[in-house]
Amino acid sequence: ASDVYKRQGERHTWFIQSLVKATANLPVVDVVLTELDKYLDENAWFHGDNEPTIRSLIEHYLRVEQTDLSFPIIMNPKIGVLDGLHRIVKAHTLGLSSIKAVTLVNLPKPDYIGDF
């Protein structure tokens, strides 16, 4: 899996493994879920040819169901959530009030840069 950030017409992509490695020594904190509510109203998964079909909804449902809340979400002050939207959804569906998170202030070099 990877995360994508649009910057000045370029597509910056990080493999999740790169982000996890960059956060290895960062403190893990609890974030109140209501502080992340804005992500529940964004279209984070369906862009371009990736339509919200029943099949794609099942795929995301299974990812939410199987996600492990012991891993913190990864956030960046400028971009927001870099990794962990399925965990946020699971935490909400379980009625939790907070989720574990790390904040990556300095992003590592992207694993890929290309045009959008």
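In this predicted model, K100 is partly exposed, its relative accessible area being 36%, a value that falls between the limits of under 20% for buried and over 50% for exposed residues. The side chain of K100 meets that of D30 in a salt bridge, with a distance of 3.0 Å from N to O. This pair links distant parts of the chain, since D30 belongs to strand 3 (residues 29–32) and K100 to strand 6 (residues 98–103), with their positions 70 residues apart in sequence.

A search of the whole structure finds two salt bridges, and D83 and R87 also form such a pair, in which the closest N and O atoms are 2.5 Å apart. D83 counts as buried at 17% relative accessibility, and R87 is likewise buried, with a relative accessible area of 8%.

Helix 3, which spans residues 85–93, includes T93, a residue that is exposed, with a relative accessible area of 61%. A polar atom of the T93 side chain lies 2.8 Å from the backbone oxygen of K90. Although T93 and E65 are 28 residues apart in sequence, their C-alpha atoms are 9.7 Å apart in space.

On the surface, I54, L57, I58, Y61 and L62 make a nonpolar patch of about 510 Å². Among these residues, Y61 is found in helix 2 (residues 54–66) and is exposed, because its relative accessible area of 52% is over the 50% cut-off.

How values were computed:
Residues are numbered from 1 along each chain as its sequence is written. This is a predicted model: local features need pLDDT of at least 70, side-chain atom pairs count only at pLDDT 80 or more; totals for chains, interfaces and linings use all residues. Side-chain values use heavy atoms; hydrogens and water are left out. Helices (H or I, at least four residues) and strands (E, at least two) are DSSP runs, numbered from the N terminus. Buried means under 20% relative accessible area, exposed over 50%, partly exposed in between (1.4 Å probe, protein chains only). A polar contact is a pair of N or O atoms within 3.5 Å; within protein, one must be able to donate a hydrogen and the other to accept it, and residues adjacent in sequence count only if both atoms are side-chain atoms. Patches are made of residues with over 30% relative accessible area and no salt bridge: like charges are joined within 9 Å, nonpolar side chains (Val, Leu, Ile, Met, Phe, Trp, Tyr) within 5 Å. Accessible areas come from the Shrake-Rupley method with a 1.4 Å probe; for residues, only the protein chains shown count as cover. A salt bridge is a side-chain nitrogen of Lys or Arg within 4 Å of a carboxyl oxygen of Asp or Glu.
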